[in-house]
Amino acid sequence: MASTEQEGALALPQFEGFSPNILLVVAPFYRQIADNLIAGAAATLKAAGATHDVIEVPGALEVPTAIRMAHQRGGYEGYVALGCIIRGETYHFELVCNESGRGLTLLGLEGLAIGNGILTPETMAQAVVRADPDDMDKGGGAAAACLHLVALARRFAG
């Protein structure tokens, strides 16, 4: 089992005033992996006093689009992208990984607070370990990243 201790990991931010409302955007192609990512993210958000909603989209390529739609309508201070793309035998893996990552990065550069928890493992066994909230907890890590960006945005807003 991998260690849940992360060297250099920042403590969760503390929020004064109102708690952030976060949207988890999930591509549930691998249901067990998605459910574990959601569980880890939800636990981290709860520990920080944040509230959250969950929506599902068909695949990882749709995650950035759904985040953009939600942001345009308001109501969320941050977003957590969750899903899993496992390497296959074709170029499709690289296309989906690169384009979903690029979409999330572009939204982040526009100022959206996004934690990227879309896994890109070689095998299902690697995905299971990374998604497990009691092991690598990549869903929790993505939620923590989102919360840190929310805190930073609040700081810069004054």
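This is a tour of a predicted model, one selection at a time.

**Whole chain**

Start with the full chain in cartoon view. The chain holds five helices and four strands, and the order of elements from the N terminus is β-α-β-α-β-α-β-α-α. The C-alpha trace spans about 50 × 35 × 25 Å along its principal axes. The radius of gyration is 15 Å, which agrees with the value near 15 Å that a compact globule of 158 residues would have. Of the 158 residues, 42% count as buried. Taking contacts between residues at least 6 apart in sequence, 81% join residues at least 24 apart.

**The largest nonpolar core**

Select I22, L24, I33, L45, V80, L82 and L147 and show side chains. These residues have the most contacts inside the largest nonpolar core, which has 25 residues. Colour the elements that feed this core: β1 (21–26), α1, β3 (78–84), β4 (113–119), α4 (124–131) and α5 (138–157) each supply at least two of its residues. Helix α1 gives the most, with six residues.

Now centre on L45. Which residues is L45 in contact with, leaving aside neighbours within four places in sequence? The contacts are I22, L24, A50, H52, A143 and L147. Of these, I22, L24 and L147 are also on the list of residues with the most contacts inside the core.

Apart from this core lies another, of 20 residues. To find the second core, select I67, V96, C97 and I118, which are among its members.

**T44 and the loop between α4 and α5**

Go back to helix α1, residues 31–47, and select T44. T44 counts as buried, at 13% relative accessibility. Beyond residues up to four places away in sequence, T44 touches L12, D137, G140, A143, A144 and L147. A143 and L147 are also in contact with L45.

From T44, move to D137, one of the residues T44 touches. D137 is found in the loop between α4 and α5. Is D137 buried or exposed? D137 is buried, with a relative accessible area of 18%. Check the backbone here: phi of D137 is near 50°, a positive value in a residue other than glycine.

P133 is found in the loop between α4 and α5 as well. P133 counts as partly exposed, at 27% relative accessibility. Outside a window of four places in sequence, P133 touches N36, A39 and G40.

**The cysteines**

Draw a C-alpha to C-alpha distance from P133 to C84: the two are 15 Å apart in space and 49 residues apart in sequence. C84 is buried, with a relative accessible area of 10%.

Next, add C97 to the selection. C97 also counts as buried, at 16% relative accessibility. Why is there no disulfide at C84? The closest cysteine sulfur, in C97, is 9.0 Å from the sulfur of C84, too far for a bond, since a disulfide needs the sulfur atoms within 2.5 Å. Seen from C97, the closest cysteine sulfur is that of C84. A search of the whole structure finds zero disulfides.

**V54 in strand β2**

Select strand β2, residues 51–56, and pick out V54. V54 counts as partly exposed, at 40% relative accessibility. Other than residues up to four places away in sequence, V54 touches L23, L24, V26 and I38. L24 was met earlier in the largest core. For I38, show the C-alpha distance to V54: it is 8.3 Å, across 16 residues of chain.

**Aromatic rings**

Finish with the rings. The structure holds two aromatic pairs. One of them is formed by F29 and Y30, and is edge-to-face, at 4.9 Å centre to centre with 85° between the planes. F29 counts as exposed, at 62% relative accessibility, whereas Y30 is partly exposed, with a relative accessible area of 25%.

As a last stop, select R154 and F18. Where does the charged end of R154 sit? The charged end of R154 is over the ring of F18, 4.4 Å from the ring centre.

Terms used:
Residues are numbered from 1 along each chain as its sequence is written. This is a predicted model: local features need pLDDT of at least 70, side-chain atom pairs count only at pLDDT 80 or more; totals for chains, interfaces and linings use all residues. Side-chain values use heavy atoms; hydrogens and water are left out. Buried means under 20% relative accessible area, exposed over 50%, partly exposed in between (1.4 Å probe, protein chains only). Contact means heavy atoms within 4.5 Å. Rings of Phe, Tyr and Trp (its six-membered ring) pair if their centres lie within 6.5 Å; planes under 30 degrees apart count as stacked, over 60 as edge-to-face and the rest as tilted. A charge sits over a ring if NZ of Lys or CZ of Arg is within 6 Å of the ring centre and within 35 degrees of the ring normal. A nonpolar core is a set of buried Ala, Val, Leu, Ile, Met, Phe, Trp, Tyr and Cys residues joined through side-chain atoms within 4.5 Å. The radius of gyration is taken over C-alpha atoms; the globule rule is 2.2 Å times the number of residues to the power 0.38.
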